[in-house]
Amino acid sequence: MKPLMEYTSYRIYIRDFYAERKERSGFTWRDFAKAAGYSSPVFLKLVCDGKTNLSEAGIERVASAMDLVGIDLQYFRLLVAFDQEKSSAAKKKIFAEMRALANDNSFALVGEDQYDYYGSWLNPVLREMAPRLNGATPAQMAGELVFESDAAHVKNSLKLLEKNGFLEKDEQGHYVQCNRSVTTGNIDVTSLAIREMHRQMGELGVQSLDHVPVKERDVSGLTIGISEAAYEKIIKEIADFRRRVSSIVMEDTGKERVYRLNVQLFPLTNTLPKEERHD
C-alpha cells in the first residue's frame, strides 16, 4: 500500500487496507469489523461506500485495527475529520493541520498547488497579466489592478505561480505563461479552494458597482420563480454559454485587459408548496 499521507480519502485508505489483507490471508469484512469492535459485519464496507461515517470513538477503533500509531494515527484522525466536516471554515483549518503534519514529514499533499492557486483572486489575474507587462515590477503590476493590492502580495503571488509551474521567465527575464492547465487534483481540497475563490470574486463583483464605470462592466440579474425542470434547463444553458465564451476567448488574438465573468444562479427561498390548479 501507499503511505497513508499519499491518500486524500480515508475511505479509500480503509478499502485498500482491506483489499491488501484479503489478498494475503482471506481477510473478510466480518473479520475487519470484529477487530474494530463492531457487531455489524458490513459496517466498515458501508463506511468505505460513503453510506455512513465514523464516530470519534470509531476513528480510534478502526485506526487500532489497522495498527496505525504515531504520525500516521494523527494524520488519519485529520483525514477523517476533513472528509466528514461540513463547514468550509472548519475544513480549511483541518487542511492546514494536515498540510503542516505532512510537510513536517517531507510529504506534499495531493492538491496543494491547486489549493494555493485558488486561494487568492490575485493568482489567476497575474497569470494573465504578468506576461503582458514586460519588465514591470510588482509595485507597477499592483498599480495596474482595478482592485486594491500591494507589491508584497503581488510578489508572493508571482513566486507561487512560478513555483507551481503556471508562469516562468524567458531568457530576457520576462514572464511567459506555461501551458500547464489547472487540474482538479484532490477534488475535495480543490473544491474547498474554489469556494474561497468564488467568495473573493463575488465580493469584487460587488465592489465593481462603485469602482468601475458602467460602460466598462455589465452587471444584471433576474429574480425568477421556476420549477426543478426549468432549473435543469437553465443550468444547461449556462454551461453552453460558458463554452461559447471560452471559444471566443480562444479565438481572441490580443489581451487588452483581464476580466472576470461571474455567472450566478442560486435559490432565495426553500422549496415552496406547489400551486393548486382550479380547472
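Does Arg30 count as buried or exposed, and at what relative accessibility? Put more simply, which of the two is Arg30, buried or exposed? The model is predicted. Arg30 has 56% relative accessibility, so Arg30 counts as exposed; the cut-off for that class is over 50%. Arg30 sits in helix H2.Start with helix H1, which runs over residues 10-25. H1 contains 16 residues. From first C-alpha to last, H1 reaches 22 Å. That is close to the 22 Å expected at 1.5 Å a residue.

Next, the buried side of H1. Tyr10, Arg11, Tyr13, Ile14, Phe17 and Tyr18 are its buried residues. Seen down the axis of H1, these residues fall within an arc of 165°, so they line one face of the helix. Their cover includes helix H2 (29-35), helix H3 (43-48), helix H4 (56-65) and H5.

Take H5 from that set. Helix H5 spans residues 70-84. The axes of H1 and H5 come within 9 Å. They cross at roughly 125°. The two helices are therefore oblique to each other. On the H1 side, the contact involves Tyr10, Arg11, Tyr13 and Ile14. On the H5 side, Phe76, Leu79, Val80, Asp83 and Gln84 meet them. By class, this contact of H1 with H5 has 6 nonpolar, 1 polar and 2 charged residues. Tyr10, Arg11, Tyr13 and Ile14 also belong to the buried residues of H1.

Now turn to H4. Gly58, Ile59, Val62, Ala63 and Ala65 are buried there. Viewed down the axis of H4, the buried residues fall within an arc of 155°, so they line one face of the helix. They pack against H1, H2, H3 and H5. After H4 comes Asp67, whose phi is positive, near 60°.

Two spacings take the reader further along the chain. One begins at Arg30 in H2. Arg30 and Val154 are 124 residues apart in sequence. In space, they are 56 Å apart, C-alpha to C-alpha. The other begins at Glu251, in helix H12 (residues 228-251). Glu251 has 65% relative accessibility, so Glu251 counts as exposed. Leu261 is 10 residues from Glu251 along the chain. Their C-alpha atoms are separated by 17 Å.

Key
Residues are numbered from 1 along each chain as its sequence is written. This is a predicted model: local features need pLDDT of at least 70, side-chain atom pairs count only at pLDDT 80 or more; totals for chains, interfaces and linings use all residues. Side-chain values use heavy atoms; hydrogens and water are left out. Axes are lines fitted to C-alpha atoms, for helices over the stretch in contact, and angles run from 0 to 180 degrees between N-to-C directions. Helices (H or I, at least four residues) and strands (E, at least two) are DSSP runs, numbered from the N terminus. Angles under 35 degrees count as roughly parallel, over 145 as roughly antiparallel, 65 to 115 as roughly perpendicular and the rest as oblique. Contact means heavy atoms within 4.5 Å. Ala, Val, Leu, Ile, Met, Phe, Trp, Tyr, Cys and Pro count as nonpolar, Asp, Glu, Lys and Arg as charged, and the others, Gly among them, as polar. The expected span of a helix is 1.5 Å times one less than its number of residues. Buried means under 20% relative accessible area, exposed over 50%, partly exposed in between (1.4 Å probe, protein chains only). The arc is that of the directions from the helix axis to the C-beta atoms.
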